[in-house]
Amino acid sequence: MDFSSFLTSLGTSFLIFVVLMLLFTWLSRKPGNSVIYYPNRILKGMDPWEGGKRTRNPFAWIREAVSSSEDEVISMSGVDAAVYFVFLSTALGILVLSGIVLLPVLLPVAATDINLKLSANSTTSNNTFDDLDKLSMGNIQENSSRLWAFVFAAYWVSFVTYYLSWKAYNHVSALRASALKSSDVKVEQFAVLVRDIPPVPEGKTRKEQVDSYFKAIYPDTFYRSMVVTDNKQANKIWEELEGYKKKLARAEATYEDSKTKGSPESTRPMHRTGFLGLVGKKVDSIEYFNENINELIPKLEAEQKVTLREKQQASAIVFFTSRVTAAAAGQSLHDQMADSWTVIDAPEPCQIIWKNLLIKFYSREIRQYVVYFIVALTIFFFMIPITFISAITTLKNLEKYLSFLKPVVEIVAIKTVLEAYLPQLALIIFLALLPKLLLYLSKTEGIPSESHAVRAACGKYFYFTILNVFIGVTIGGTLFDAFKTIQDKPKETISILAKSLPSNATFFLTFVALKFFVGYGLELSRIVPLIIFHLKRKYLCKTEAEVKEAWFPGEFGYVSRVPGDLLIITIVLCYSVIAPIILPFGVLYFAFGWLILRNQALKVYVPAYESNGKMWPHMHIRIIAALILFQFTMLGYFGGKKFHYTPIIVVLPILSLIFVFICQKKFYRSFQSIALEVASHELKESPNMEHIFRAYIPPSLSCEKDEDQFEDALSQVSRVASSV
């Protein structure tokens, strides 16, 4: 990539961002778009435009985002969102403090050396990007005393990261403790999830077995238990019933609408009962849906009774009248054998993955290793196309291997645009396909809650992006271009790979710029959700429920957002000393992210669950993993520079491992379990235990006619049947 292509990439990305920001300013002030730009406020009963839309400053969102407090973020989007902003501000602080020292120190040191004149192979962009070459570590001669400045820089970046991440860990721990100490009643704090219950003893029901077990251990605070059942058939009938209810509401809305537009008699909606409504008997939609609903209601009630009495599983949710007891039970060993009476803190009712509660101990263990193996294969096989893409999507290689494109790519305008965007766009599109697959695999392990599955998927996605994007692009492009050299001189492989780091600096510079200018521009403007909403409202939505479903914003999407941010911090850290010019781009990425996503947290996204910051230890350890990768990168690069004092860098990875060990010992346990001191704080009112119990009844098993059906069905199971 030459200098004109680099400037084209930056200039056009910035122009796109400005256009998208102006679109946001204009579109967000229109009343018809308020459900797209302020859904969180609307759902909480707040006025979308504080102070009135006519007097509203077009850029007031920036002031509001900057001036908003952490408490406001928590009240609008929960503790998890506040913890995410701690992560963003920590990453931003690391890069700002690093840049304050590295830019004024390293740039003059690199720019005043003459290595590029002595070696044509030590350039940043194949002898075409001389201006940036001179600002990188590649311009320093081998074993030069100037390398001491870069050693100091490596230590500075490391200690800044230690300090800020330690400070952030303390802050997040306090946030979590404050949330868990809340005097408000939270149903999950009075329950534990029990799995791997042994076979039912003769003469007892499953419920009696669970009740007697926990009543013996916690005689004063045990309330009752809810035995988990296999709800597959009940869920199927319930979902079918809910589907018909939605169709009925739509048909009735269509009928009412026809009364206002058509003749006084109006037109009743009709449809065919066959495939996609295209074939089969033509029927009156309202009558047809009512008939199906009336048929399914007794069918569901019958299946509920069968499920509750005959499909009980070896899992249960146990309730206590004290949250201290629940916290103690969730972190205690209840049986001599680890594969029996496994007890953990109960997740929120909305988080529970019910089908995973049926999976037994050894099956979960086997599934976990199988999923790890599948993920390893996925990483390996994805590395092949990503490496190929990173190598082939350079103009030189396109012209070389796809010669029929040569006349096209040699056109100046097309050549400039392709060099500026092609490799980065190919990589971003490729990565967009992955999060759902990894989330599905994580749930397949048998994880019991949504937030835990998201954390597991984030970890997989992080390692995938590091191995495939950072290492794959860096090494892949080099091996593709230098395969002949490596084949002739295999002993120089390490040296060639070390030299490949600065040669990819411009790729990652453009990648980061594209992510924050275009990515955050689209995030702020919400052009795609806006277009989809208006199309659905005009052509598809008939009921208020359908309109709400069309504009409902969803959650933050941590499963892809957090690994993407971790990839950026990894890239910027690893190049911070080798090519310090990347630091301002990293600062802009996290500054834009903090500002724009804070606006989205306050106004747009609606949290689907609350884990009280359980994601933080995973964020923290991966920041340190990125730091360790940076330290090993520097170790290899100093070795490639034949610097005699390279072993000084060996101290840094050791310090990082010690730092991680101390953090894990000091902080992690309080994120894994609830501290009893935290749980012991008084509540402002006595908990309604019946409400807490019923919050955990699955929707497919709740009964509108008989409120006591759930408990009655469990208590009336035949003792004889249980002993068979």
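This passage describes the overall make-up of the protein and then the arrangement of one of its sheets.

In the predicted model, the protein contains 30 helices alongside 6 strands. Of its 724 residues, 51% count as buried, and the area that the protein exposes amounts to about 33,600 Å², with carbon and sulfur atoms supplying 62% of this surface. When contacts are restricted to residues at least 6 apart in sequence, 82% of them are found to join residues at least 24 apart.

An open sheet is formed by 4 strands, which follow one another in the order β2-β5-β1-β6 and pair in an antiparallel manner. The edges of this sheet are occupied by β2, comprising residues 222-229, and by β6, comprising residues 342-345; because each of these strands has a single partner, one side of each is left without a neighbour in the sheet. From one strand to the next, the twist averages 25°.

The pairing at the β6 edge can be described in further detail. Strand β1, which spans residues 191-195, runs antiparallel to β6 and is joined to β6 by 4 bridges, and within this pairing Leu193 is placed opposite Ile344 of β6. Helix α12, formed by residues 323-330, packs on the sheet, where the helix touches β1, β5 (residues 312-320) and β6. The direction of α12 makes an angle of about 130° with that of β6, the strand that also stands at an edge of the sheet.

Note on methods
Residues are numbered from 1 along each chain as its sequence is written. This is a predicted model: local features need pLDDT of at least 70, side-chain atom pairs count only at pLDDT 80 or more; totals for chains, interfaces and linings use all residues. Side-chain values use heavy atoms; hydrogens and water are left out. Helices (H or I, at least four residues) and strands (E, at least two) are DSSP runs, numbered from the N terminus. Buried means under 20% relative accessible area, exposed over 50%, partly exposed in between (1.4 Å probe, protein chains only). Contact means heavy atoms within 4.5 Å. Accessible areas come from the Shrake-Rupley method with a 1.4 Å probe; for residues, only the protein chains shown count as cover. Two strands pair if DSSP finds at least two bridges between them. Axes are lines fitted to C-alpha atoms, for helices over the stretch in contact, and angles run from 0 to 180 degrees between N-to-C directions.
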